[in-house]
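Here's a quick tour for anyone meeting this structure for the first time. Have a look at the picture, then read on.

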Amino acid sequence: DVSFCEGAKQAFELTLGNIGQVSVLTAGERLLLTLAKLSIACVCTAAATSALPFAGLGAADNASGAILLTFGVTFNVADAWMCVLDAAVESIFLCYCVDQAENDGDVRPYYASATLRRYMERNRPCIVLPSASIDEDYSPIDLA
């Protein structure tokens, strides 16, 4: 058994060791989840807008408040559901990283499905960070 603090430390180190994949996953996931939340809110608002004529509102009633409230409530409900999906995706990714770190595929087989491994290999970020070498002859201020 591992304590909570030790598990959090291991998860942090694993995430930091795979920062390239984490950044690509997070950027894509945030974009898709935001688009999904907006889509759900817009569809529900459109449905509520189309149902308003059947609500028996008079000419003096303003439906703008009801429409805005519908959008706000459905966006917040979608956000709550998408937070659960976000946690599930991040947990699966963390399990994939543990699987890759602890197993070699030959003696110790991978637990991740072949489809997930192929997807992660195809979408592996190929970012090369510059080295931190300093040129001794370079001076940012040339006094000559």
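## A small network of charges

Let's start with a trio: Arg30, Asp86 and Glu90 are joined in a network of salt bridges. Keep in mind that this is a predicted model. The idea behind such pairs is simple: side chains of opposite charge can pair when their charged atoms come close.

Arg30 takes part in two of the links. In its salt bridge with Asp86, the closest N and O atoms are 2.9 Å apart. That pair links distant parts of the chain, with Arg30 in helix 2 (residues 19–51) and Asp86 in helix 3 (residues 64–102), 56 residues apart. Arg30 also forms a salt bridge with Glu90, and here the closest N and O atoms are 3.6 Å apart. Since Arg30 lies in helix 2 and Glu90 in helix 3, this pair ties together parts that are 60 residues apart in sequence.

## Who is tucked away in the trio?

Which of Arg30 and Asp86 is buried, and which is partly exposed? Arg30 counts as partly exposed, at 39% relative accessibility. Asp86 counts as buried, because its relative accessibility is 12% and the cut-off for buried is under 20%. Glu90, at 34% relative accessible area, is partly exposed.

## Another link between helices 2 and 3

Lys37 and Asp79 have their own salt bridge, with N and O 2.9 Å apart. Lys37 lies in helix 2 and Asp79 in helix 3, so this pair ties together parts that are 42 residues apart in sequence.

How do the two partners sit, buried or partly exposed? Lys37 counts as buried, at 14% relative accessibility, whereas Asp79 is partly exposed, with a relative accessible area of 25%. Counting up the whole model gives four salt bridges.

## A closer look at helix 3

Does the span of helix 3 agree with or differ from what its residue count suggests? Helix 3 has 39 residues, and at 1.5 Å a residue they should span 57 Å. The C-alpha atoms at the ends of helix 3 are 56 Å apart, which agrees.

Asp86 has company among the buried residues of helix 3: the list also holds Thr74, Ala78, Met82, Phe93, Tyr96, Cys97 and Asp99. Part of this list has a rhythm you can follow by eye, from Thr74 to Ala78, Met82 and Asp86. An α-helix has 3.6 residues a turn, so residues three or four places apart point the same way. What covers the buried residues of helix 3? The cover includes helix 1 (4–17), helix 2 and helix 4 (114–122).

There is also a spot to find at Ala48, which lies in helix 2. Ala48 is partly exposed, with a relative accessible area of 24%. The C-alpha atoms of Ala48 and Thr70 are separated by 7.3 Å, and these residues are 22 apart along the chain.

## The whole chain

Now step back. How many helices and strands does the protein chain have? Its secondary structure comes to four helices and zero strands, and reading along the sequence gives the pattern α-α-α-α.

Buried residues make up 14% of the 144 residues in the protein chain. The accessible surface of the chain comes to about 11,200 Å², and 66% of that belongs to carbon and sulfur atoms. As for contacts between residues at least 6 apart in sequence, 67% join residues at least 24 apart.

Definitions and conventions
Residues numbered from 1 in each chain as written. Predicted model: local features only at pLDDT ≥ 70, side-chain atom pairs only at ≥ 80, totals over all residues. Heavy atoms only, no water. Salt bridge = Lys/Arg side-chain N within 4 Å of Asp/Glu carboxyl O. Helix = DSSP H or I, 4+ residues; strand = E, 2+ residues; numbered from the N terminus. Buried < 20%, exposed > 50% of the residue type's maximum accessible area, 1.4 Å probe, protein only. Contact = heavy atoms within 4.5 Å. Areas by Shrake-Rupley, 256 points an atom, 1.4 Å probe, with all protein chains shown as cover. Expected span 1.5 Å × (residues − 1).
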